[in-house]
Amino acid sequence: MKFCRVCRAEIKRNYLGHKQGVRHQHARKLLRWLKDENISFADMSRRLRVSRERVRQLAALFPKSLTGRERQRKVALRRTRETLTRGRGPISRVTREFEARGIAWHPVRRRNPYEFSERVVEIGPSPHLRCCAQRYGRKPTGYYYIAKAAKSLCDFYLFVGPAGILVFPHEARPRGQTMFLLGRRRKAAGVPGARHDWGDYLNAWHLIEARLRLLKQKTK
């Protein structure tokens with residue numbers, strides 16, 4: 001009794017006829033795809049035109065390969081990273097700035113392990129720092145405005161707008177809807193308690209880099 005090394009099937013007649021069979025051809029393609037961790041079982045079943053259960057059964061013949069759930073998580077993470085990097089939203093601009101400065105980042109999972117947040121990312125070594133991205137706009141009068149404060153509980157809040165990126169630590173974040181000026185400091189007459197330090201947080205990446213250095217020192 002002889003068995004095929006590729007598909008583990010019993011060879012009853014000639015080996016040449018078995019090589020041309022559907023099971024052997026599927027197993028050859030599957031063996032090549034299993035080496036790539038970025039291909040999920042759903043993609044394999046679509047290419048082979050079989051069910052995902054059939055792909056799982058064939059993949060069970062190769063125990064060293066990743067399971068379907070592990071592959072699905074890896075594929076979801078890779079696709080989310082590509083979406084966040086190539087998009088046009090505020091989080092995409094922030095992630096591109098992180099990569100330009102050599103800061104490693106990764107998406108934040110939601111309750112569903114295959115879904116990720118579109119506004120929050122994590123950076124640095126464990127315990128990670130959470131950064132939330134949001135837009136701010138500019139009025140025709142020259143004032144900048146924040147429509148609403150971020151609801152997510154993060155370590156840093158990054159507001160992306162026409163003047164640049166405002167980097168706020170958690171303790172100095174805007175508490176709600178507000179308007180402000182950038183550039184030279186101007187006092188708002190008749191507004192007690194108005195803050196005038198918005199320009200200090202414009203492109204203040206040194207705040208994040210200092211916190212990351214402190215985390216690395218603690219983890220050593």
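Start at strand 10, residues 178-180, and pick out Met179 within that strand. This is a predicted model. Colour Met179 by accessibility: the residue is partly exposed, at 43% relative accessible area.

Keep Met179 selected and add Tyr143 and Tyr145. Together these residues make a nonpolar surface patch of about 270 Å².

**The sheet around strand 10**

Switch to cartoon view. Strand 10 belongs to an open sheet of 3 strands, ordered 6-7-10, with antiparallel pairing. Which strands stand at the edges? Strand 6 (137-138) and strand 10 do; each has a single partner strand, so one side of each lacks a neighbour in the sheet.

Now zoom to the pairing of strand 6 with strand 7. The two run antiparallel and are joined by 2 bridges. Select Arg138, then look across to strand 7: Tyr144 stands opposite.

**Into the loop**

Follow the chain out of strand 7 (144-146) towards strand 8 (156-161). Stop at Ala150, in the loop between these strands. Is Ala150 buried or exposed? Its relative accessibility is 16%, and the cut-off for buried is under 20%, so Ala150 counts as buried.

Show what surrounds Ala150. Leaving out residues up to four places away in sequence, Ala150 touches Arg119, Cys132, Gln134 and Tyr157.

Last stop: Pro174. Draw a C-alpha to C-alpha distance from Ala150 to Pro174. The two are 24 residues apart in sequence, and the distance in space is 8.6 Å.

Conventions. Residues numbered from 1 in each chain as written. Predicted model: local features only at pLDDT ≥ 70, side-chain atom pairs only at ≥ 80, totals over all residues. Heavy atoms only, no water. Patch = residues over 30% accessible without salt bridge, like charges linked within 9 Å, V, L, I, M, F, W, Y side chains within 5 Å. Areas by Shrake-Rupley, 256 points an atom, 1.4 Å probe, with all protein chains shown as cover. Salt bridge = Lys/Arg side-chain N within 4 Å of Asp/Glu carboxyl O. Helix = DSSP H or I, 4+ residues; strand = E, 2+ residues; numbered from the N terminus. Buried < 20%, exposed > 50% of the residue type's maximum accessible area, 1.4 Å probe, protein only. Contact = heavy atoms within 4.5 Å. Pairing = 2+ DSSP bridges.
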